[in-house]
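Dear colleague,

Please find below the structure for your consideration. A short account of what was found in it follows.

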Amino acid sequence: FGSSDCDADAEPTSGKQEADMATFDVELQVRLKPGEAPKKVVFEVHPEWAPNGVKRFEELVSCGFYSNARFHRVIPGFIAQVGIAADPAVYAKWGNSPIRDDPVKAKNEPGTVSFAMRGPDTRSCQIFVNYKDNSADLDSQGFSPIAKVKEGMDVIIALTVPGGSGPDQPTLKERGNAYLDEAFPGLSEIVEAKKL
């Protein structure tokens, strides 16, 4: 799966540390289809919106967690979701280390980025980009945006939509990209994510 510091000595935090409050950018190199050249997407990350979420996102980007992660849940007119690591051992480490929630300070408007969650204090590593204004539904459920797409929303809109009902998340978490290569070849992926 290539070299990654995510499975080395970096320990996930619980989100109790406050992130530096300065806004920063994260560049994603996104390959829409296998064999194509990657395209640039830039997130403008806002620690003042969700300090716990931003701290975790910054940790994940810094250790290479999102490298080769594929957009496994793309629902046109709703969201595009990514964040199950290519290597199941890396996902197990970070996916099983949730962080505390942040109050919702920004709305889930088009182009905003939030962590996926299953309930209170369950955010870990999966993020999604809102295709439309989902604030009426998602804000009240506690989905706290951490960033917005500053550049490359056209790339996010062009992501490959998985066939059928899409990948089975428990199988993806257990087998990583090997499962996607067999059952869902051709999904869009993040080649690299880096803080600018």
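**Strand pairing and salt bridges**

Strands β2 and β7 (residues 145–151) pair in the antiparallel sense over four bridges. Here two strands pair if DSSP finds at least two bridges between them; strands (E, at least two residues) and helices (H or I, at least four) are DSSP runs numbered from the N terminus. Please note that this is a predicted model, in which local features need pLDDT of at least 70 and side-chain atom pairs count only at pLDDT 80 or more, whereas totals for chains, interfaces and linings use all residues. Residues are numbered from 1 along each chain as its sequence is written, and side-chain values use heavy atoms, with hydrogens and water left out.

Within the pairing of β2 and β7, Val-42 has Glu-151 of β7 as its bridge partner. Strand β2 (residues 39–45) also pairs with strand β1 (residues 24–31), again in the antiparallel sense, over seven bridges. In that pairing, Val-30 stands opposite Lys-39 of β2. Five of the seven residues of β2 are buried, which leaves the strand mostly covered. The classes of accessibility are buried (under 20% relative accessible area), exposed (over 50%) and partly exposed (in between), computed with a 1.4 Å probe on protein chains only.

The structure holds 11 salt bridges, a salt bridge being a side-chain nitrogen of Lys or Arg within 4 Å of a carboxyl oxygen of Asp or Glu. In general, side chains of opposite charge can pair when their charged atoms come close.

One of the salt bridges joins Glu-151 and Lys-40, whose closest N and O atoms are 3.6 Å apart. This pair links distant parts of the chain, with Glu-151 in strand β7 and Lys-40 in strand β2, 111 residues apart. Glu-151 is partly exposed because its relative accessibility is 38%, and Lys-40 is likewise partly exposed at 37%.

A second salt bridge is formed by the side chains of Asp-181 and Arg-70, at 2.8 Å from N to O. Asp-181 belongs to helix α6 (residues 177–183) and Arg-70 to the loop between α1 (51–62) and β3 (73–75), so the pair ties together parts that are 111 residues apart in sequence. Asp-181 is partly exposed, with 46% relative accessibility, whereas Arg-70 is buried at 14%.

The side chains of Arg-123 and Asp-101 also meet in a salt bridge, with an N to O distance of 3.9 Å. Arg-123 lies in the loop between β5 (112–115) and β6 (127–130), and Asp-101 in the loop between α2 (88–95) and β5, so this pair ties together parts 22 residues apart in sequence. Arg-123 is buried, with a relative accessible area of 1%, while Asp-101 is partly exposed at 26%. Elsewhere, salt bridges that share partners join Arg-31, Arg-70, Asp-181 and Glu-189 into one network.

**The surroundings of Arg-123**

What else does the side chain of Arg-123 meet? Its side chain and that of Asp-102 are joined by a polar contact of 2.8 Å, a polar contact being a pair of N or O atoms within 3.5 Å; within protein, one must be able to donate a hydrogen and the other to accept it, and residues adjacent in sequence count only if both atoms are side-chain atoms. In addition, a polar atom of the Arg-123 side chain lies 2.6 Å from the backbone oxygen of Arg-100. Leaving aside neighbours within four places in sequence, Arg-123 is in contact (heavy atoms within 4.5 Å) with residues including Asn-52, Gly-53, Phe-115, Met-117 and Ser-144.

With kind regards
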